[in-house]
Amino acid sequence: MRNILQESEVLADAQIAIENFHKEIVDEVRTAINDHEWVIVGMKQNPVVKTARKHLEAKGKTFHYIEHGSYWTKWKVRLAIKLWSGWPTFPQVFHKGKLVGGAADLIKYLP
């Protein structure tokens, strides 16, 4: 796993800010991955997100899609998702509550 600050290295006010950084968006993703077998989190105008969606469609898999912004909008919302998951790019693909990775990882996982 990636190296992150330990809780003991973060002051209380900073911990609160971290916990609340677009909490509603992170909660939306958490709820979706608990409620759906397949979830793709993405953004408009990203061709790699479309690749992941098309791959699951071609495999006959039903998935829940969450989209937040584009290259020019809602970057802070997407940053909150990245910080939460630890995955640096979009799409973020989840299967049965676990992070698969991005589109290339999905294709390896579900050939």
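Where in the chain is Pro91 found? In this predicted model, Pro91 sits in the loop that runs between α4 and β3 (92-95), and the sections below take up the backbone at that point after an outline of the whole chain.

## Overall layout

The chain contains five helices and four strands, and, read from the N terminus on, its elements follow the order α-α-β-α-β-α-β-β-α. Taken along the principal axes, the C-alpha atoms of the chain fill a box of roughly 50 × 30 × 25 Å.

## Two backbone features in loops

Most residues other than glycine have a negative phi, and most peptide bonds are trans. Against that background, the bond that joins Phe90 and Pro91 is a cis peptide bond, with omega at about 10 degrees, and Pro91 belongs to the loop between α4 and β3.

The other feature concerns His22, a residue other than glycine whose phi is positive, near 50 degrees. His22 lies in the loop between α1 and α2.

## The crossing of α2 and α4

Helix α2 (residues 23-35) and helix α4 (residues 75-85) have axes that come within 9 Å of each other and cross at roughly 55 degrees. Because this angle falls neither under 35 degrees nor in the range of 65 to 115, α2 is oblique to α4. The crossing of the two helices is right-handed.

On the α2 side the contact is made by Ile25, Val26, Val29, Arg30 and Ile33, and on the α4 side by Val77, Ala80, Ile81 and Trp84. Sorted by class, the contact of α2 with α4 comprises eight nonpolar residues, no polar ones and one charged residue.

## The largest pocket

Rolling a probe the size of a water molecule over the atoms shows where empty space is left. In this model the largest pocket holds about 700 Å³ of space. It is lined by 20 residues, of which Arg2, Ile4, Ile18, Leu83 and Trp84 are the closest to its centre.

The elements that give two or more residues to this lining are α1 (12-20), α2 and α4. By class, the lining of the largest pocket divides into ten nonpolar, four polar and six charged residues. Trp84 thus appears in two settings, being part of the contact between α2 and α4 and being listed among the residues closest to the centre of the largest pocket.

Key
Residues are numbered from 1 along each chain as its sequence is written. This is a predicted model: local features need pLDDT of at least 70, side-chain atom pairs count only at pLDDT 80 or more; totals for chains, interfaces and linings use all residues. Side-chain values use heavy atoms; hydrogens and water are left out. Axes are lines fitted to C-alpha atoms, for helices over the stretch in contact, and angles run from 0 to 180 degrees between N-to-C directions. Angles under 35 degrees count as roughly parallel, over 145 as roughly antiparallel, 65 to 115 as roughly perpendicular and the rest as oblique. A crossing is left-handed if the near helix is turned anticlockwise from the far one by less than a right angle, and right-handed if clockwise. Contact means heavy atoms within 4.5 Å. Ala, Val, Leu, Ile, Met, Phe, Trp, Tyr, Cys and Pro count as nonpolar, Asp, Glu, Lys and Arg as charged, and the others, Gly among them, as polar. On a 1 Å grid over the protein atoms alone, a cavity is a set of points where a 1.4 Å probe fits but cannot get out, and a pocket is an open set with protein on both sides within 12 Å along at least five of seven lines; lining residues have an atom within 4 Å of a point. Grid points are joined across faces, edges and corners, and a volume is the space filled by probe spheres set on the points.
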